[in-house]
Amino acid sequence: MAAAVNIAFEAPDNLNGLTPSQQRPIDLVHLATQTKGDKAVEIEILQIFARQARGCLVAMTGGHSKVEVKAAANRLRNAAMAVGALRVAAAADLVETKGATSDSVASVSSAVLEAEHFILKLAR
């Protein structure tokens, strides 16, 4: 028993509390909690999210006003948080708070593309 306690306390930190699920483009544990484990609902929600994310990207890059860009970034952040797309949410938050610079929009685009690829793999 004492050896198990020592091992537990000597174990290295697990990436600042991140679980393997949170290292993926979509946190599947969070999504399963939201959908009560219904895989069909998960896929449907993820496909809706992918379409919405693409629309938000268009709104952010289409030469719209700062207010419209901020609103699109807010919509994307909220949708990403709902499905567990934490990288997308973080990137959208930067656009929302700091504005649509070329770097921040590129970061959002990259995160959305990564999430879309992950969703496509899950939907197969």
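Arginine 77 is partly exposed in this predicted model, with a relative accessible area of 22%. Its partner, glutamate 96, is buried, at a relative accessible area of 15%. The two form a salt bridge, and their closest N and O atoms are 2.9 Å apart. Glutamate 96 belongs to helix H6 (residues 86-98) and arginine 77 to helix H5 (residues 66-83), so this pair ties together parts that are 19 residues apart in sequence. There is a further member to look for here: Arg77, Glu96 and Asp93 are linked in a network of salt bridges.

How many salt bridges does a search of the whole structure find? The search finds five. In general, side chains of opposite charge can pair when their charged atoms come close. Three of the pairs are set out below.

| Pair | N to O distance | Relative accessibility of one partner | Relative accessibility of the other |
|---|---|---|---|
| Glutamate 96 and arginine 77 | 2.9 Å | Glutamate 96, 15% | Arginine 77, 22% |
| Arginine 87 and glutamate 114 | 2.9 Å | Arginine 87, 35% | Glutamate 114, 34% |
| Glutamate 42 and lysine 39 | 3.6 Å | Glutamate 42, 6% | Lysine 39, 56% |

Take the pair in the middle row. The side chains of arginine 87 and glutamate 114 meet in a salt bridge at 2.9 Å, N to O. Arginine 87 sits in helix H6 and glutamate 114 in helix H7 (residues 102-123), so the pair ties together parts that are 27 residues apart in sequence. Arginine 87 counts as partly exposed, and glutamate 114 also counts as partly exposed.

The bottom row shows a pair within one helix. Glutamate 42 and lysine 39 are both in helix H4 (residues 39-61), and because they are three residues apart there, about one helical turn separates them. Their side chains meet in a salt bridge of 3.6 Å, N to O. Glutamate 42 counts as buried, whereas lysine 39 is exposed.

Now for a charged residue without such a partner. Aspartate 27 is in the loop between helix H2 (20-23) and helix H3 (28-35). What is the nearest side chain of opposite charge to aspartate 27, and how far away is it? That side chain is arginine 24, 6.6 Å away, and aspartate 27 is buried yet has no salt bridge. Because a salt bridge needs the nitrogen and the carboxyl oxygen within 4 Å, a separation of 6.6 Å does not qualify. Aspartate 27 does have a neighbour in the backbone: a polar atom of its side chain lies 3.1 Å from the backbone nitrogen of valine 29.

Helix H3 also meets helix H5. Two packed helices are described by the angle between their axes and the distance between the axes. The axes of H3 and H5 come within 7 Å and cross at roughly 85°, so the two helices are roughly perpendicular to each other. From H3, the contact is made by His30, Leu31 and Gln34, and from H5 by Met81, Ala82 and Val83.

Two lysines round off the tour. Lysine 36 is in the loop between H3 and H4 and counts as exposed, at 77% relative accessibility. Most residues other than glycine have a negative phi, but phi of lysine 36 is near 55°, a positive value. Lysine 98, in helix H6, is exposed, with a relative accessible area of 67%. Lysine 98 and lysine 70 are 28 residues apart in sequence and, C-alpha to C-alpha, 9.3 Å apart in space.

Technical notes: Residues are numbered from 1 along each chain as its sequence is written. This is a predicted model: local features need pLDDT of at least 70, side-chain atom pairs count only at pLDDT 80 or more; totals for chains, interfaces and linings use all residues. Side-chain values use heavy atoms; hydrogens and water are left out. Helices (H or I, at least four residues) and strands (E, at least two) are DSSP runs, numbered from the N terminus. Buried means under 20% relative accessible area, exposed over 50%, partly exposed in between (1.4 Å probe, protein chains only). Lys and Arg count as positive and Asp and Glu as negative; His and the chain ends are not counted. A polar contact is a pair of N or O atoms within 3.5 Å; within protein, one must be able to donate a hydrogen and the other to accept it, and residues adjacent in sequence count only if both atoms are side-chain atoms. Axes are lines fitted to C-alpha atoms, for helices over the stretch in contact, and angles run from 0 to 180 degrees between N-to-C directions. Angles under 35 degrees count as roughly parallel, over 145 as roughly antiparallel, 65 to 115 as roughly perpendicular and the rest as oblique. Contact means heavy atoms within 4.5 Å.
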